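Reader: I've got a model open and I'd like to go through how its features get their labels. Can we look at it together?

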Amino acid sequence: MATLRTPEGEQKYQDYIKAGGLDNGCPLCRDTARKTFTYWKIVSNDFPYDRVAGAHDMVVPLRHITEHELTAEELEELREIKHSYINDTYDYVIEAVYKKKSIPKHFHLHLVTLKE
Ligand SMILES: [Zn+2]
């Protein structure tokens, strides 16, 4: 299966899932914020897309919600963050399609800076 992780990075992630890493509460709720906004936080990805990424963070709503549950205020702030902080800090915003999401119940976008 094609992945944005190297074989070693993907193996580490699969081992984490097999060990129950996603079963014990939501890791995105637990993750410490590198930066916090009114409705969103930026967190590091512990299993980066290391095939392409030098740096890999995620933008995550503070509430544990799906994309459909985002309010107009939350979406408006996301738009603002994309055009300011994210634009100034990263190269790409990557969103997995639904079937590829490993944490579909907590909306998140991947923020990637390409490796040199
Ligand atoms: Zn969550």
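Reader: What spacing do the donors of the zinc ion follow along the chain?

Author: They follow C-x2-C-x34-H-x41-H. Keep in mind that this is a predicted model, where local features need pLDDT of at least 70, side-chain atom pairs count only at pLDDT 80 or more, and totals for chains, interfaces and linings use all residues. Residues are numbered from 1 along each chain as its sequence is written, and side-chain values use heavy atoms, with hydrogens and water left out.

Reader: What makes Cys26, Cys29, His64 and His106 donors of the zinc ion?

Author: A donor is an N, O or S atom within 2.8 Å of the metal (3.2 Å for Na, K and Ca). Cys26 (SG), Cys29 (SG), His64 (ND1) and His106 (ND1) lie 2.1 to 2.3 Å from the zinc ion, so they fit that definition.

Reader: Why is the site of the zinc ion called tetrahedral?

Author: Four donors count as tetrahedral if all angles lie between 85 and 135 degrees. Here the angles among the four donor atoms are 106 to 118°, so the label applies. The ideal is 109.5 degrees for four tetrahedral donors.

Reader: Are Cys26 and His106 buried or exposed?

Author: Both are buried, meaning under 20% relative accessible area, while exposed is over 50% and partly exposed is in between (1.4 Å probe, protein chains only).

Reader: Which residues of H1 are buried, and why are they on the same side?

Author: Gly9, Glu10 and Tyr13 are the buried ones. They cover an arc of only 95° around the axis, so they sit on the same side of H1. The arc is taken from the directions from the helix axis to the C-beta atoms. The face turned away carries exposed Pro7, Glu8, Lys12 and Lys18.

Terms used
Helix = DSSP H or I, 4+ residues; strand = E, 2+ residues; numbered from the N terminus. Tetrahedral: all angles 85-135°; square planar, octahedral: opposite > 155°, others 65-115°.
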